[in-house]
Amino acid sequence: MLLLLLQRLLLTLLLARQTWLTANARRFTVLRVGFLMFTVGFIGWYAQGQLSIVNMTGLLQSIKEGRSLAFFLYDPMTVCLWGFVAITFFIWGRATFCGWLCPFGALQELVSRVARVLRVPQVRLRTAVDAKLKWIKYVLLAGVLVSALFAPQLADKLVEIEPFKTAITLYFVRSWPFVAYAAGLLVASAVVYKFFCRYLCPFGAGLAVLGKLRLFKWLPRRAECGTPCQTCRHRCDYQAIRPNGAIAYDECFQCMDCVVIYHSDTQCAPRILQAKRGVTIPVRAVPVSASGAAADKEVA
């Protein structure tokens, strides 16, 4: 439990000091990879701290049947995780858990990094296709929650869309269909970046909905983001940056790659132009409409 609390404290400090965290790309990569390895090894496989859609269905069923919620207290690790996630909803949104603290999500990212080192061909879906596929997880979320209320036996089957039990809780020691499914998702993530998280995870969809409680748009943007610079958008593996440069926080996993680019004198086009021309590029807030798009740079 102490290690878990220390990790939460470290993550809070790192995200609160994002300028320091992302100012050096090499330092950021080492810290992030190390953090993800700890998430998989300690939080996931050792401490069994994998939050799941089962937590949501259990809550709904208990409320419906008038049962006590004390059963949540039987697992201090889960309570601690949920407490931290609930707090960070208001500050950073859903991405703190999905991007840093989800064991299976971390495992997918590590697999993807290894695949790139091994030069496995990567597939980046067209923007329109990607946007449509991202709706699947919300449909699955609705199906799981509705069935939890009205058809619990069906819900017990639908929650298996999550490979967490197989890959994290049972260490892949399970009957072959479940193992094949979980392994197949990891193989898919080696080609399409974090395939399951982006398109199929009902728990991630639930966190995205709850993440609308976020109070801040805290990732830095410049007025030049989107007009004319598209570097961050094309480098975003989650395809969570709109053509106008605005970040789609519901689909952002807080990988911070765009923030690394933002602070880079060799990757950020506005900073490169600033250095070449010897002029100062003012940083100003981009007005945001209620829909989350930049109001003064709307792109059809």
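What share of the contacts in the protein chain with a separation of 6 or more is accounted for by residues 24 or more positions apart? The figure is 74%. The model is a predicted one, and the paragraphs below go from the whole chain to single residues.

The protein chain contains 17 helices and 0 strands. Along the principal axes, its C-alpha atoms fill a box of roughly 65 × 40 × 40 Å. The radius of gyration is 20 Å, which agrees with the value near 19 Å that a compact globule of 300 residues would have. Of these 300 residues, 48% count as buried. The protein chain exposes about 15000 Å², and 69% of that area is supplied by carbon and sulfur atoms. As for charge, there are 34 positive and 15 negative side chains in the protein chain. The centres of the two sets lie 6 Å apart.

Next come the aromatic side chains. The structure holds 13 aromatic pairs. One of them is formed by Phe 35 and Trp 100, in an edge-to-face arrangement with 5.4 Å from centre to centre and 85° between the planes. This pair links distant parts of the chain: Phe 35 belongs to helix α3 (residues 25-46) and Trp 100 to helix α6 (residues 95-101), with the two positions 65 residues apart in the numbering. Both Phe 35 and Trp 100 are buried.

Phe 164 and Phe 196 form another edge-to-face aromatic pair, with centres 5.9 Å apart and planes at 85°. Here too the pair links distant parts of the chain, with Phe 164 in helix α11 (residues 164-169) and Phe 196 in helix α13 (residues 195-199), 32 residues apart. Are these two rings buried or exposed? Phe 164 counts as buried because its relative accessibility is 3%, and Phe 196 is buried with a relative accessible area of 0%. Apart from these two pairs, Phe 38, Phe 42 and Tyr 46 form one aromatic cluster.

Two further residues show how positions far apart in sequence come together. Leu 186 lies in helix α12 (residues 176-191). With a relative accessible area of 12%, Leu 186 is under the 20% limit and is therefore buried. Leaving aside neighbours within four places in sequence, Leu 186 is in contact with Phe 104, Leu 107, Gln 108, Val 111 and Phe 172. Of these partners, Val 111 is 75 residues from Leu 186 along the chain, yet their C-alpha atoms are separated by 7.0 Å.

Arg 113 is placed in helix α7 (residues 103-117). What are the contacts of Arg 113, not counting residues up to four places away in sequence? Arg 113 touches Thr 29, Arg 32 and Val 33. Arg 113 and Tyr 193 are 80 residues apart in sequence, and the distance between their C-alpha atoms is 9.4 Å. In contrast to Leu 186, which is buried, Arg 113 counts as partly exposed, because its relative accessibility is 27% and the partly exposed class runs from 20% to 50%.

The backbone has some local features in the loops. A cis peptide bond joins Thr 227 and Pro 228, with omega about 10°. Where does Pro 228 lie? Its place is the loop between α14 (202-210) and α15 (231-235).

Two residues other than glycine have a positive phi. Gln 48, with phi near 60°, lies in the loop between α3 and α4 (53-65). Tyr 171 has a phi of about 55°, and its place is the loop between α11 and α12. Gln 48 counts as partly exposed because its relative accessibility is 29%. Tyr 171, at 44% relative accessibility, also counts as partly exposed.

In outline, the model is a chain of 17 helices and 0 strands, in which 74% of the contacts with a separation of 6 or more are between residues 24 or more positions apart. The pair of Phe 35 and Trp 100 links distant parts of the chain, and so does the pair of Phe 164 and Phe 196.

Notes
Residues numbered from 1 in each chain as written. Predicted model: local features only at pLDDT ≥ 70, side-chain atom pairs only at ≥ 80, totals over all residues. Heavy atoms only, no water. Helix = DSSP H or I, 4+ residues; strand = E, 2+ residues; numbered from the N terminus. Rg over C-alpha atoms; globule rule 2.2 N^0.38 Å. Buried < 20%, exposed > 50% of the residue type's maximum accessible area, 1.4 Å probe, protein only. Contact = heavy atoms within 4.5 Å. Areas by Shrake-Rupley, 256 points an atom, 1.4 Å probe, with all protein chains shown as cover. Lys, Arg positive; Asp, Glu negative; His and termini not counted. Charge placed at Lys NZ, Arg CZ, Asp CG, Glu CD. Phe/Tyr/Trp six-rings, centres within 6.5 Å; stacked < 30°, edge-to-face > 60°.
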